Amino acid sequence: MSKERATGWIERVMRLLGRCPLPLLHGSGWVLGQLLARVPNHLRLISAINLALCFPARSEAQRRRLQRRALIETCKTALELGPVLTGDAERITRRWVRAVHGHHHLEKALGSGRGLILLAPHLGCWELLNLWVAARYPLTALYRPPRQSALEPLLVRGRTRNGARMLPADTQGIRALIRALRAGEVVGILPDQEPAGSEPFAPFFGVPAKTMTLASRLAHKSQAAVVFGFAKRLPAGGGFELHFLPAPEGVAAADPHIATAALNRGVEACVQKAPTQYQWTYKRFATCPDGSRRYPRRQRKGRKGSDSSRASSGQRQQ
């Protein structure tokens, strides 16, 4: 199938999902998540390893309960993409956003005239956060092209339809962020993706994680304020609460080790407010300081092994 045909097929599915009410999407996500939690699959395995690494003090039963709820929330996130990327942006934000906490942090930062660096972890519905912010402030954000290239046109079109500028995370994109900050605007960065290159390791839930320095370098150079933001999903399809939190002290430090440790503490503070809604299925700890492997390669059919045993193996290798 050509890229154009694949993109068209995906968009038709997204538009179909976009016609569904939010309670139906979340109910369907609950069903799919329960299935993911019961049937062996790669997402279940990765989440088990991550939770074992980040919450070693919890019992295996506690982590299994957290994993099941996290997989349910992951499925809700996927189904929300339909309306968020193809629906009427103003109508969605008006109906879905029930409360905004910490809005004054945005206003105070932008009032300084030095711009605002908004860090949005993979928590809750980060696509909704983009819609809400872009409808109110000039927003320029970086994105990493998805592995499924057919998704890229739909993602870019959906994220920019209400005025946001989305740029690939390359040299030109970074220059655009600098210009936006100089103009006193908002720049958006996903702070919890594993970066390329020789970036430092910083603790994330006590585990060494390769961590980006881009946000901290921009903050140090521009003196722009840094704020974390996420959209927390409410139960029973009840919409979302937006939360904005000031970044921990040290996030703009010249020392990259101090800055990245502060950045990860900021992500942790967000996750602690909605731990089941974090993207635990992402290989956040793929690169280890000693070069070892935390995540197994995808298993071929016929090879068996429990998630708990593989998770324990991944924990031992940290």
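These points describe the overall build of a predicted model and some of its salt bridges.

1. Secondary structure and overall form. The chain contains 12 helices and nine strands. Its radius of gyration is 19 Å, close to the 20 Å that the globule rule gives for 318 residues, so the chain is as compact as a globular protein of that length. Measured out along its principal axes, the C-alpha trace spans about 55 × 50 × 40 Å.

2. Interior and contacts. Of the 318 residues in the chain, 51% are buried. Among contacts with a separation of 6 or more, 76% are between residues 24 or more positions apart.

3. Surface and charge. The exposed area of the chain is about 15,300 Å², and 54% of that area comes from carbon and sulfur atoms. There are 49 positive and 21 negative side chains in the chain. The centres of these two sets lie 6 Å apart.

4. Salt bridges around E11. The structure has eight salt bridges. In one of them E11 pairs with R15, with 3.1 Å between the closest N and O atoms. Both residues belong to helix α1 (residues 3–18), and because they are four residues apart there, about one helical turn separates them. The two ends differ in cover: E11 is buried, at a relative accessible area of 17%, which is under the 20% limit for buried residues, whereas R15 is partly exposed, at 39%.

5. A second partner for E11. The side chain of E11 also meets that of R157 in a salt bridge, at 2.7 Å from N to O. Since E11 lies in helix α1 and R157 in helix α8 (residues 152–160), this pair ties together parts that are 146 residues apart in sequence. R157 has a relative accessibility of 39% and counts as partly exposed.

6. The salt bridge between E73 and R233. Here the side chains meet at 2.6 Å, N to O. E73 is in helix α4 (residues 60–86) and R233 is in strand β8 (residues 225–233), so the pair links distant parts of the chain, 160 residues apart. Are these two residues buried or exposed? Both E73 and R233 are buried.

7. The wider network. E73 and R233 do not stand alone: together with K76 and E80 they are linked in a network of salt bridges.

How values were computed:
Residues numbered from 1 in each chain as written. Predicted model: local features only at pLDDT ≥ 70, side-chain atom pairs only at ≥ 80, totals over all residues. Heavy atoms only, no water. Helix = DSSP H or I, 4+ residues; strand = E, 2+ residues; numbered from the N terminus. Rg over C-alpha atoms; globule rule 2.2 N^0.38 Å. Buried < 20%, exposed > 50% of the residue type's maximum accessible area, 1.4 Å probe, protein only. Contact = heavy atoms within 4.5 Å. Areas by Shrake-Rupley, 256 points an atom, 1.4 Å probe, with all protein chains shown as cover. Lys, Arg positive; Asp, Glu negative; His and termini not counted. Charge placed at Lys NZ, Arg CZ, Asp CG, Glu CD. Salt bridge = Lys/Arg side-chain N within 4 Å of Asp/Glu carboxyl O.
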